[in-house]
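User: Could you take a close look at one part of this model for me, and then walk me outward from there? I'd like one connected answer rather than a list.

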Amino acid sequence: MRATTLLRKLLALKQTRVTGFEFTDFGIEVDIAPTTRVPYCSACSLRARHVYDHRPRTWRHLDCAGMEVTLRYRQRRVDCRHCLEVHAELVPWAESTSRFTRDFEDQAAYFAQVMDRTTVSKTLRVAWRTIGRIVERVVARLGPADRLNGLEHIGIDELSYRRHHEYITTVVDHVGSRVVWAGAGKSAATVDGFFKELGPKRAENLKTVTIDMSGAFIDAVERGAPQAQIVFDRFHVQRMAQDAVDKVRREQVQLLAGSDDAKALKKTRWALLKNPWNLTDVEGDKLAEVQRTNRPLYRAYLLKETLAEIFNRRQVNVAREKFIEWCGWAARSRLAPFKKLARTIRRHLEGILAFIATGLSNGKIEGLNGKIRTITRRAYGFHSARSLISFIFLCCTGLVLHPVFKTP
Ligand SMILES: [Zn+2]
């Protein structure tokens, strides 16, 4: 058997012939060429008879016997009569913009799905940022094309990355527990982008949309899917109540500045924010102390706890009554942060009650949010939101990849 035949069998690249090889300091460089005599244009995939010029190029392929394999080819550029432009010819072993073969990219994407960042980079001897771009191409090539089909219950959530300076917005399918869309930013325009891609026909099928109470998201959902029920989850509302308690506490500390009471209040933060059944003995004592010495702050605490209890109600009508009562109490509480919260709850009551009715929430999609956050941390070092989004698609859309395995 000739050495070139052996190499052709080893590489197992479709529609590719091997014309020569050379050993280098790093491994082996193999000369290859497409088996088709007439080139195809990489822009329109049509035959293009007119060869404009040749450009020597190399592609990294999977290692062989622990050696680096580089493929070499004098790639033709064609003067395409369909595109009316000069384009590189289509090569069967790689995407037109990539310096890696498809096999290499598939392997890299599989590794990126299952291994940590350092191991991927080290095993493949490729910079992490490059892996990011490889993943973008693999997701575009192998990801499901119909991610946005058949959606009825979705959640829209924002996520910060790059040390919280930048944001992306993700859309998840509550039914399939998978990410179906992601875009850079967290504005109404970002969400508009999702609805534009979804299109009015598919948007009509949306029944519920869970979101945080951000004005931008509400506006965008009301524009994009006016028939859908907006759902605000309890965790978001309860977090706002916790923030209100903390604001009252800080106001009280300032009011009593310098006194022993102020010093004592400074240490009550966790006792006030925790669920009562999770309190340690010391925290319980602190809370009792607040009850004795600081009425406004204790009132804030009770407001927060009562609100949490209403969320445990199962009947929407009962919950509605209780929320309205609560809002009245909060409005009369003489605590500015709670007066404000009461106004917010009144304004968004239907969406809050929809949570009681449906139980849907962004925080509830088991495992998915944690997974997205882990990916965001791993993706640190990526230059663009695009790479991060591809990683989320790689790991959270149900895309199944396998290590490359070939037979001669
Ligand atoms: Zn063309």
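Analyst: Ile-389 is buried, because its relative accessible area is 11% and anything under 20% counts as buried. Keep in mind that this is a predicted model. The residue belongs to helix α16, which covers residues 385–396. So what does Ile-389 touch, once you set aside residues up to four places away in sequence? The list is Ile-168, Ala-182, Gly-183 and Ala-184. There's also a spacing to look at: Ile-389 and Asp-157 are 232 residues apart along the chain, and their C-alpha atoms are separated by 14 Å.

Now over to the other end of the numbering. Thr-4 is found in helix α1, and Thr-4 is buried as well, at a relative accessible area of 17%. Leaving out neighbours within four places in sequence, Thr-4 is in contact with Val-18, Thr-19 and Gly-20. Those three fall in a stretch you'll meet again in a moment, since strand β1 runs over 16–23.

Between α1 (3–11) and that strand there's a loop, and Ala-12 sits in it. Ala-12 isn't a glycine, yet its phi is positive, near 50 degrees. Is Ala-12 buried, exposed or something in between? It is partly exposed, with a relative accessible area of 27%.

Arg-334 makes a good companion to look at. Again you have a residue that is not a glycine with a positive phi, here about 60 degrees. Arg-334 lies in the loop between α12 (316–331) and α13 (336–347). With a relative accessible area of 67%, Arg-334 is exposed.

Next, helix packing. Two packed helices are described by the angle between their axes and the distance between the axes. Take α2 (residues 102–114) and α3 (residues 117–124): their axes come within 9 Å and cross at roughly 155 degrees. An angle over 145 degrees counts as roughly antiparallel, so α2 is roughly antiparallel to α3. The crossing of these two helices is right-handed. On the α2 side the contact is made by Phe-104, Ala-108, Phe-111 and Ala-112, and on the α3 side by Val-120, Thr-123 and Leu-124. By type, that contact has 6 nonpolar residues, 1 polar and no charged.

Helix α2 also packs against α4 (residues 128–142), with the axes 9 Å apart and an angle of about 105 degrees. That value falls in the 65 to 115 range, which means α2 is roughly perpendicular to α4. From α2 the contact takes in Arg-102, Phe-104, Glu-105, Asp-106, Ala-108, Ala-109 and Ala-112. From α4 it takes in Ile-131, Ile-134, Val-135, Arg-137, Val-138, Arg-141 and Leu-142. The split for α2 with α4 is 9 nonpolar, no polar and 5 charged. If you compare the lists, Phe-104, Ala-108 and Ala-112 of α2 appear in the contact with α3 and also in the contact with α4.

One last thing you'd probably ask at the bench: how many disulfides does a search of the whole structure find? The count is 0. As for individual cysteines, Cys-41 is buried, with a relative accessible area of 0%, while Cys-64 counts as partly exposed at 31%.

Definitions and conventions
Residues numbered from 1 in each chain as written. Predicted model: local features only at pLDDT ≥ 70, side-chain atom pairs only at ≥ 80, totals over all residues. Heavy atoms only, no water. Disulfide = S-S within 2.5 Å. Buried < 20%, exposed > 50% of the residue type's maximum accessible area, 1.4 Å probe, protein only. Axes fitted to C-alpha atoms, helices over the stretch in contact; angles between N-to-C directions. Helix = DSSP H or I, 4+ residues; strand = E, 2+ residues; numbered from the N terminus. Parallel < 35°, antiparallel > 145°, perpendicular 65-115°, else oblique. Left-handed = near helix turned anticlockwise from the far one by under 90°. Contact = heavy atoms within 4.5 Å. Nonpolar A, V, L, I, M, F, W, Y, C, P; charged D, E, K, R; others polar.
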